[in-house]
Amino acid sequence: MNSVQSLIQPQFLAQVGFVGIVAITFAGALIAVFPRDILYNVLGLIVCLTGVAGIFVYLGSPFVALMELLIYVGAICISIIFAIMLSRPLHLSLPKRRLPKVGLAMGVGAVVFIALSTIIFRTAWEPALMRSNDWSVTTLGKYLLTRYDLVFEAISLVLLVAILGAIVISGYARRSPS
Amino acid sequence: MNSLYTYLFIAALLFSLGIFGVFQRRSLIGMLIAIELMLNAASINFMAFNRFLAPDPIVGQIYALFIMGIAAAEAAIALSIIVAVFRRLRSINIERAQELRG
Amino acid sequence: MTSSWFQDPTLLAAMLGALLPFVSFVLIMVFTRPYPKVSAAISVASISVSLVCAIFLLSSHWHLEHPIQYAGKWLISGEMYIPFGFLLDELSLLMLTIVAVISFLVQVYSLGYMAGDPGFARYYAFQSLFAWAMMTMSIAPTMLQFYIFWELVGLASYLLIGFYYEKFSASEAGKKAFVMTRAGDIAFFLGLLLVLLNFGNLNVLDMNSVDVTARMSPGLITLSALLVFGGVIGKSAQFPLITWLPDAMEGPTPVSALLHSATMVAAGVYMFARIFPFYSNSASAMAVFLAIGTITMLLASTMAMVTRDIKQVWAYSTVSQLGFMVMGLAAGSYFAGVFHLTTHAGFKALLFLCSGVFIHEYETNDMFEMGRQGGRGLKIPMVCMTIAAAALSGIPFLSGYFSKEAIMGALANMHNPIWLVAGLLGAFLTAYYSFRLIFIILFPSKIEKVHHAEHGGHASGHGHDAHHHAGLYWVMAWPLIILATVTVVLGFFQTPLENFLVGGHHGSGHGGGHHAWLPWVAVGLAVSGIGLAFLEFGRKGASQVGFVERVEPVRALFAERWYMDHFYRLFLDYVIYGIFSNLFTRNDRRVIDGGIDGICRATVGGGWLLSFLQSGMLQYNLMVMFAVLALVALYFFF
């Protein structure tokens, strides 16, 4: 038991957990991107987002991780599923994939990835000199309603407008001749 | 292992996958999903900077929250557009939506 | 100077006089074209004001000491400085007055002549345009301004000659006048450029000063003088370019009176006089001018001897008299040329206006026809025309006598007697052809008693119509009477005019003493010309066939204008159409059209190619965008 305990160090466990979470993330991402059936894609997205939430936990913010689960998985993904149900008859045949296009997309993706990694590894990242250690949700809430008040309200307004816009767009679409 | 580079690298990979998805998918919803991936990569970046570099660890979290808000707004709009496009074209295949073709 | 323009009566008068006709032109063209009466009123009113201004200027500057010059900056390019404004000296004041008087009389006369014409308003608009161009040209301080308005005069004359544009021959004549004067104007412009480049200045006063000889070599002066004289040749219908003027008689007769006797063609001679000191720097150029003037005068006189068209006779006579003026100027007598220009403007306008009455009355240009229909019944025009013809022939104590004697005197001063002989021969021919016309109308071989014969005094009216007609007749008659008076009395102003123009210190241009025989010879020749005309056309039972007309080849030669038009035709056919036109056509088809077509095709093709980029494929667009962004990032971080 002791040996097992010594074998399974907390550090080691954390490492394994991290690798596992990253694996989940990428597996989800791959499922979200590759299969042709959209429903699988959404499920993949859900898996991926869950993994991202785990990464957020590793980055020291369980609050944001929870919000991620709540908003992304709980709201956005569900609404996407709704949209799929509304728009695409599942019994229709799936569109075929065209190889040149996939190749091109892969090429561009690779170029972007290379560019990004170049930037990442060529930049000398300097941490700030004075770093506070206050990660509490209380401080976060205080900041949101004091220093970032304006941004907070702006984002609320954006959301409101987006919801109204969504209603208007689908409303017009219903009236349009088709 | 648990360093800034790891997280940035993960984010970059996720972002590239998103880009690949956006380019390769034919259905609008598939593209939307890929865009969500890209947005998530961006928030991972913010959270990583927040964790390793920023003087005040609150800022990055707030950014991540805002990105979620933006993503929600974007999803709402995009989905309504998709529904509208589907009503009009009886399809959400992006390659059919080419009325501007020269 | 410009700030106080409204306080200076001279400048005010000059501006008013020169600009009002332009205002009237614009007003008529823009606003009042549908209303002929209003248009005519505007035009006549503006030209009357101009006339008053011109007379005011002439009388207030009768004892002018220095030329008055007003100029505003107009064009500055490096070292060159070209002003725009007015130059008032003796010559320009005289010319301004002549133009204003003749324009005014012609416009009044046209009230009768053009009455009821559908283009009445347009006619007055063009008359105003012409008056503006001509008056501004007269008082131009620089040769560039002179040239600009010179071309405007050409434009106005084109419009007026082609006034009956529905008539093919009229529009052809307008074109011919325009193109042939243009040929001379090109030379004129080249000459001006030559002066500008070598002398650096086109100011009239500077060109007339002695600086020219200091700054330009004699050969250069001769060349530029010859080139500038090209403008005179074109405008005044001198030797190689004679034939447009007779053709230009297609316009309304008052137009002929205005353009082709008094003002427009006189512009050429005026230009000669304007920069006379410049020309006289080059003796060889002057000799060329003298020869050209002489040839023109003799050729045109012979042509006038055979034509049956009354207006053609006066047109040829104009050409010949212009040649005579050029002779006088080229012989070195500045005053004689200008004086003849002045008197000729008076009596030639009178001749045309009289002819206009006949043409209006009998609706024919044929003098035999006029005589047959009782032309002598029209008393006032007949008398006036006889007076004018006598003046043209140089019968003593009419204006033409004095000016002709002045030129003859100048010619007699030349070493070579051939010029004098040519001048005297011209005088004889002039008397012959003008009185040939008079006698044909006055003593027709048979008179047809048609109703036209009653029109003389309009004693027996035809009701309202005749009454109206009589009104028009008097509108036309008054300018005739005024001009006839001018013709009779103008000659006696020779001495004051000479003092005014050359300032007296020059001495009289023609030798009074040592050429005492000259007036007798000249008058004798004129009288014998008239006598010959009387013998052949006037006396009872005359055959009415001139001595020239008896010899068919000569008659044909003269009537065909020495076959000059044929030479033009040949020249055009072979040189212009055959060589230049062909080459230019090819250039046009192959190079220019091909180039433009190529550009068009390239544009369409390029658009077609580019349109593939806009595939409507959102994803490809995005792909390119991201790829470029990524590459830019790579570029900056490597």
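## Helix 26 of chain C and its neighbours

Let's start with the charges: there are zero salt bridges between chain C and chain A, a salt bridge being a side-chain nitrogen of Lys or Arg within 4 Å of a carboxyl oxygen of Asp or Glu. This is a predicted model, where local features need pLDDT of at least 70 and side-chain atom pairs count only at pLDDT 80 or more, while totals for chains, interfaces and linings use all residues. Residues are numbered from 1 along each chain, chains are lettered from A in the order written, and side-chain values use heavy atoms, without hydrogens or water.

So what do the two chains share? Here is a quick look.

| Chain C with chain A | Value |
|---|---|
| Residues in contact (heavy atoms within 4.5 Å) | 12 of chain C, 13 of chain A |
| Buried area (accessible area, 1.4 Å probe, lost on being put together, summed over both) | about 1100 Å² |

Of that area, 80% is on carbon and sulfur atoms. On chain C's side, C:Y620, C:M623 and C:F637 lose the most area to chain A, together 46% of what that side buries.

Now for helix 26 of chain C, a DSSP run (H or I, at least four residues). It covers residues 618–637 and reaches 29 Å from first C-alpha to last, close to the 28 Å expected at 1.5 Å a residue, counting one less than its number of residues.

Which residues of this helix are buried (under 20% relative accessible area, 1.4 Å probe, protein chains only)? They are C:Q619, C:M623, C:F626, C:A627, C:A630, C:A633 and C:L634. Because they cover an arc of only 125 degrees around the axis (taken from the directions to the C-beta atoms), they sit on the same side of the helix. On the other side, C:V624, C:L629, C:Y635 and C:F636 are exposed, meaning over 50%. The buried residues pack against helix 5 (99–122) of chain A, together with helix 1 (4–24) and helix 2 (28–52) of chain B.

Key. Helix = DSSP H or I, 4+ residues; strand = E, 2+ residues; numbered from the N terminus. Buried area = accessible area lost by both parts, 1.4 Å probe.
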